[in-house]
Amino acid sequence: MNKTVFTKDLTNKKILVERHFDAPVALVWKTWTDATLLDQWWAPSPWKAKTKSMNFKEGGYWHYCMVGPEGEVAWARLDYDKIRVLISYSAKDAFCDEAGKINKDFPGAYWEVSFSATGTGTKVNVVTSYNSVEELEAMVNMGFQEGFAMAHDNLDELIKTLV
Amino acid sequence: METRRDVFQAIADPTRRDILNMLTQKSLNLNAIAENFEMSRPAISQHIKILTECGLIVIDQKGRERYCQVQPEKLSAVADWLEPFRKMWENRFNQLDNLLTQLKEDKDE
């Protein structure tokens, strides 16, 4: 299994995530930018992501919801800022309602995702930046809840594919 | 939203972080803690109550005085506050690995 590297940069209110995938850049890029594919992995299990609309271009956005095991629905959107095809994209992440109206009570984050080819696959870097320490903390609070939701991770499934 | 009592809620407030910092130096009674803040004693008392409910501190009765003491093992959970974030990404990435394996197989067929 590939190792995920997490780095906290509290001074700059950033969290960095680095991960290698055993697939070519073109394929990995597609899984991050195609709504049908995003729906298949984006929501941490047992949640499921469902796309309402996707317009992957600068100024466009991805509007989706995450459906929980009890049927609870959380709407979110990702507004694309800069896109460099097969290299990187940046976007503003926010909670919203079904109509896409942004919920300002929850902190949003700014994402920069970059892709680079390695000898055996693709390295993906995700830099998440927050506006303030308070927003970062609010994210942590929410993350704590999500942590509970993910008590049953899909490790078993992963092991099956590795055997 | 229902009230949650967990370590992350405890550290989400700057006053509570300050109280915790003080208590990691030594156990203090409520008056000694309140002296360090501009806010009212009941307000401090409320923060102490939340910290107690979150399990980060315990109240130790010594004679007529009630001392607040930190629970170090709970604090270590705070130190690793990134853990849920880490879990979320690990979970996502495992799913992405599966998807990529599947997509590669589809292509080969």
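This briefing covers a sheet with its helices, and some ring contacts. The model is predicted: local features need pLDDT of at least 70, side-chain atom pairs count only at pLDDT 80 or more, and totals for chains, interfaces and linings use all residues. Residues are numbered from 1 along each chain as its sequence is written, chains are lettered from A in the order in which they are written, and side-chain values use heavy atoms, without hydrogens and water.

**Sheet in chain B**

- Three strands of chain B (DSSP E runs of at least two residues, numbered from the N terminus) form an open sheet in the order S1-S3-S2, with antiparallel pairing.
- Strands S1 (28-29) and S2 (57-62) of chain B are the edge strands, and each pairs on one side only.
- S1(B) pairs with S3(B), residues 65-70, over two bridges; pairing requires that DSSP finds at least two bridges.
- B:Leu28 has B:Cys68 in S3(B) as its bridge partner.

**Helices on the sheet**

- Helix H2 (residues 14-25) of chain B packs on the sheet and touches S1, S2 and S3 of chain B; contact means heavy atoms within 4.5 Å.
- Helices are DSSP runs of H or I with at least four residues.
- The direction of H2(B) makes about 95 degrees with that of S3(B); angles run from 0 to 180 degrees between N-to-C directions of axes fitted to C-alpha atoms, for helices over the stretch in contact.
- Helix H4 (residues 41-53) of chain B lies across S2 and S3 of chain B, at about 110 degrees to S2(B).

**Buried residues and charges over rings**

- A:Trp32 and A:Trp41 are both buried, meaning under 20% relative accessible area (1.4 Å probe, protein chains only).
- The charged end of B:Lys62 sits over the ring of B:Tyr67, 5.2 Å from its centre; this requires NZ of Lys or CZ of Arg within 6 Å of the ring centre and within 35 degrees of the ring normal.
- B:Arg92 lies over the face of B:Trp89, 4.7 Å from the ring centre.

Methods: Buried means under 20% relative accessible area, exposed over 50%, partly exposed in between (1.4 Å probe, protein chains only).
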